[in-house]
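Reader: I should like a close look at a single part of this protein, namely its largest pocket, set against the fold that surrounds it. Please describe the lining and then turn to the neighbouring elements.

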Amino acid sequence: ETYALIRTGSYPAMTLLHFINCVGLASAPYLITYRFSGLSEYSAFWRCIKAGAAYIVTQIIKMLVLASFFPMTEEENATALIECAKCSVDLIDLLGLYIVLNKILGKGEMKVLVVAVGWGSAELLATKLLPLWFGARGVEFEWKYIQSSLDSNISLLYLLSTCGLLWLLTRNDFNKAYLPYVLTLLVAICYRPLFFNLARSLVSVWVLLAVKAILGVLVGVLTLQLCQALAV
């Protein structure tokens, strides 16, 4: 069947359509957030670009840290402690986001959206779109690229929550009584890949995506509650 598609010329069209569908599914939430959150009217495009550039610089620093302190090994019996230590490097992301939130000018909610959309778009381009370009145009249809696109949508939920929590820490009127709750949520978000990697061998990919989405919504609701409590 694949050979017949190639001979009739419909194979390239089908693979290209699959690629476009995956890209649209992955990038739609970012475009919708930018368009309907008021960022487009706020002239925030270049601020989003700056946030994306900050993401690239942060990832370079993370790669240097990983290469220096956690060199690649072919052993498969890596301990959970080592994996947890590697996840700790993601704390650099929190530092990068915190710095960007302090540097970018604007109202609080707009700063959160600008950093989340800019940072998330750069992450989408680096970790999702390039693999889709080389993989989604393959010979056979594979659900993993649809799943990867959905995963990028869920990542935006966590990123918005992370930016919102970090923004709370940048406020001068931040109530220190809420600090344990904010830090707990930030640590949980930072170490979530470790939990999901452990759960990957226990449940299917679709179930894992559903769990990620539910937890993402829960974290988002808790973040909104903290923001509202501070605003009162």
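Author: The account below begins with the overall fold, proceeds to the largest pocket, and then follows some of its lining helices to other features. The model is a predicted one.

The protein contains 10 helices and zero strands. Read along the sequence, its pattern is accordingly α-α-α-α-α-α-α-α-α-α. Of its 232 residues, 39% count as buried. Among contacts with a separation of 6 or more, 80% join residues 24 or more positions apart. The accessible surface amounts to about 13,900 Å², and carbon and sulfur atoms hold 68% of that area.

The largest pocket encloses about 1,400 Å³ of space. Its lining is made up of 42 residues, and those nearest its centre are Asp 90, Glu 123, Asp 151, Arg 192 and Pro 193. Two or more lining residues come from each of helix 3 (45–69), helix 4 (80–88), helix 5 (91–103), helix 6 (108–135), helix 7, helix 8 (179–190), helix 9 and helix 10. Helix 7 provides the largest share of this lining, with nine residues.

Helix 7 spans residues 143–170, and Ser 149 is found within it. Ser 149 has a relative accessibility of 1% and therefore counts as buried, since the limit for a buried residue is under 20%. Leaving aside residues up to four places away in sequence, Ser 149 touches Cys 22, Leu 25, Ala 26 and Leu 132.

Helix 9 and helix 10, which also contribute to the pocket lining, lead to a feature of the outer surface. A nonpolar patch is formed there by Phe 195, Leu 202, Val 203, Val 207, Val 211, Leu 215, Leu 218 and Leu 222. Together these residues present about 670 Å² of accessible area. Helix 10, covering residues 205–231, supplies the largest share of the patch, namely five residues.

Phe 195, another member of the patch, belongs to helix 9, which comprises residues 192–199. Its relative accessibility is 48%, so Phe 195 counts as partly exposed; the class of exposed residues begins over 50%. Ser 149 in helix 7 is, by contrast, buried at 1%.

In summary, helix 7 gives the largest share of the pocket lining, whereas helix 10 gives the largest share of the nonpolar patch. Helix 10 is also among the elements that give two or more residues to the lining of the pocket.

How values were computed:
Residues are numbered from 1 along each chain as its sequence is written. This is a predicted model: local features need pLDDT of at least 70, side-chain atom pairs count only at pLDDT 80 or more; totals for chains, interfaces and linings use all residues. Side-chain values use heavy atoms; hydrogens and water are left out. Patches are made of residues with over 30% relative accessible area and no salt bridge: like charges are joined within 9 Å, nonpolar side chains (Val, Leu, Ile, Met, Phe, Trp, Tyr) within 5 Å. Accessible areas come from the Shrake-Rupley method with a 1.4 Å probe; for residues, only the protein chains shown count as cover. A salt bridge is a side-chain nitrogen of Lys or Arg within 4 Å of a carboxyl oxygen of Asp or Glu. Helices (H or I, at least four residues) and strands (E, at least two) are DSSP runs, numbered from the N terminus. Buried means under 20% relative accessible area, exposed over 50%, partly exposed in between (1.4 Å probe, protein chains only). Contact means heavy atoms within 4.5 Å. On a 1 Å grid over the protein atoms alone, a cavity is a set of points where a 1.4 Å probe fits but cannot get out, and a pocket is an open set with protein on both sides within 12 Å along at least five of seven lines; lining residues have an atom within 4 Å of a point. Grid points are joined across faces, edges and corners, and a volume is the space filled by probe spheres set on the points.
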